[in-house]
Amino acid sequence: MAETGASPLPPTPPARSPLFRAEQFVWLTARVLEQHLFAYHFLNGSADPVETALDAYRNQDGGYGHALEPDLRGPVSQPLHTGHALRVLDSVGRCGGQRVERVCRYLTAVSTPDGALPAIHPSQRGYPAAPFIPIVDDPPSELLATGPVVGLLHRNEVWHAWLFRATDFCWQQIESLEKSHPYEIEAAVAFLDSVPDRPRAEAAADRLGRLVREDRLAALDPDRLDAFPVAPGYAPDEHHFPHDYARTPRSLARAWFTDEEMSRSLDFLASEQREDGGWPVRWRQWAPGTALEARPMVTIEALRTLRAYGRSVG
């Protein structure tokens, strides 16, 4: 007989299913935040513990730090940490209210003169960071950092003065792109999927899709990866696949790929689950702890993508 007041046990997926194996991996390796995120997305968990866990990473300036993005260590707030926090809040339906108002004040404070975000604020200097992340005294604005943040705020109908110039910056950057790399394209998609001007977004996405295919920025055949170059500076096997650009069927990037290409991509994603139940980190590794912290994040995203496309995970 259960003790009085004991918490009810969450539903457990069938043994040896991808979800069961991933669950065991998460309980074994994940930070508290990712444990609660997994429970929210796959075990009928509440959003409240996710918010509580995320608060541990929030600073008094309204931004987020404390290695929320594992490749940036130390306590200081950074745009990439703060963008990650907004993705978490959006995924649990809590991207609004005073919390996001404080985030917008932080974004205003760290923006460059053109009103957009640098990838890395110079306050990171002195704390450990991945060697492939440059820290400079006067960093430029980056679509990589600004696009996903602006997209999420529009998606959640947040209105703040910071958004006006930041939105203009994203449009200018996206519509003038001639050459790019996968992470920048993914940042552009995050903006275009949620910005209010839908006809303009669809036209920009159509142009980006042609660029992705012409420059072979998506590995369209996982069995022939040698036919698709890895972007300069990326890890040797850091290919990006159709599912990386179109994480849900509703994304504008879904139109870039045929049904067969997307099916192959999702088959490959499903096959990437490792023996321990987690998915691998494909970007360049530089410290054991960062890889350990990142894998549960990657695992949750893989499961969410497969589920979004109707693939059975449990």
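## Helix α1 and its buried face

In this predicted model, the buried residues of helix α1 are Leu19, Ala22, Glu23, Phe25, Val26 and Thr29. Seen down the axis of α1, these buried residues fall within an arc of 165°, so they line one face of the helix. An α-helix has 3.6 residues a turn, so residues three or four places apart point the same way. The buried residues of α1 pack against two other helices, α2 (32-42) and α12 (288-308).

The length of α1 can also be checked against what its residue count would suggest. Helix α1 holds twelve residues, 18-29, and at 1.5 Å a residue these should span 16 Å, which agrees with the 16 Å that separates its end C-alpha atoms.

## Helix α4, largely enclosed

Helix α4 (79-91) is a second case in which span and burial can be set side by side. At 1.5 Å a residue, its 13 residues should span 18 Å, and the end C-alpha atoms are indeed 18 Å apart. Eleven of these 13 residues are buried, so α4 is largely enclosed by the rest of the structure.

The buried residues of α4 are Pro79, His81, Thr82, Gly83, His84, Ala85, Leu86, Val88, Leu89, Asp90 and Ser91, and what covers them includes α2, α3, α5, α6 and α12. After α4 comes glycine 93, which has a positive phi, near 70°.

## Two residues that contact Asp71

Threonine 290 belongs to helix α12, and because its relative accessibility is 3%, below the 20% limit, it counts as buried. When neighbours within four places in sequence are left aside, threonine 290 is in contact with Pro70, Asp71, Arg73 and Gln285.

Phenylalanine 132 lies in the loop between α5 (97-110) and α6 (143-155), and with 35% relative accessibility it counts as partly exposed. Its contacts, again leaving aside neighbours within four places in sequence, are Asp71, Arg284 and Trp286. Valine 150 is 18 residues away from phenylalanine 132 along the chain, and the C-alpha atoms of these two residues are separated by 25 Å.

## Positive phi in two loops

Most residues other than glycine have a negative phi. Asparagine 44, although it is not a glycine, has a positive phi of about 60°. Its place is in the loop between α2 and α3 (48-55), where asparagine 44 is exposed, with a relative accessible area of 69%.

Histidine 66 is likewise not a glycine and has a positive phi of about 60°. This residue is found in the loop between α3 and α4, and at 34% relative accessibility histidine 66 counts as partly exposed.

## An internal cavity

The count of cavities of 30 Å³ or more comes to one, and the largest cavity contains about 60 Å³ of space. Its lining is made up of Pro182, Arg216, Leu217, Ala218, Ala219, Phe228, Pro229, Val230, Ala231, Glu238, His239 and His240. By residue type, the lining of the largest cavity divides into eight nonpolar, two polar and two charged residues.

Definitions and conventions:
Residues are numbered from 1 along each chain as its sequence is written. This is a predicted model: local features need pLDDT of at least 70, side-chain atom pairs count only at pLDDT 80 or more; totals for chains, interfaces and linings use all residues. Side-chain values use heavy atoms; hydrogens and water are left out. Helices (H or I, at least four residues) and strands (E, at least two) are DSSP runs, numbered from the N terminus. The expected span of a helix is 1.5 Å times one less than its number of residues. Buried means under 20% relative accessible area, exposed over 50%, partly exposed in between (1.4 Å probe, protein chains only). The arc is that of the directions from the helix axis to the C-beta atoms. Contact means heavy atoms within 4.5 Å. On a 1 Å grid over the protein atoms alone, a cavity is a set of points where a 1.4 Å probe fits but cannot get out, and a pocket is an open set with protein on both sides within 12 Å along at least five of seven lines; lining residues have an atom within 4 Å of a point. Grid points are joined across faces, edges and corners, and a volume is the space filled by probe spheres set on the points. Ala, Val, Leu, Ile, Met, Phe, Trp, Tyr, Cys and Pro count as nonpolar, Asp, Glu, Lys and Arg as charged, and the others, Gly among them, as polar.
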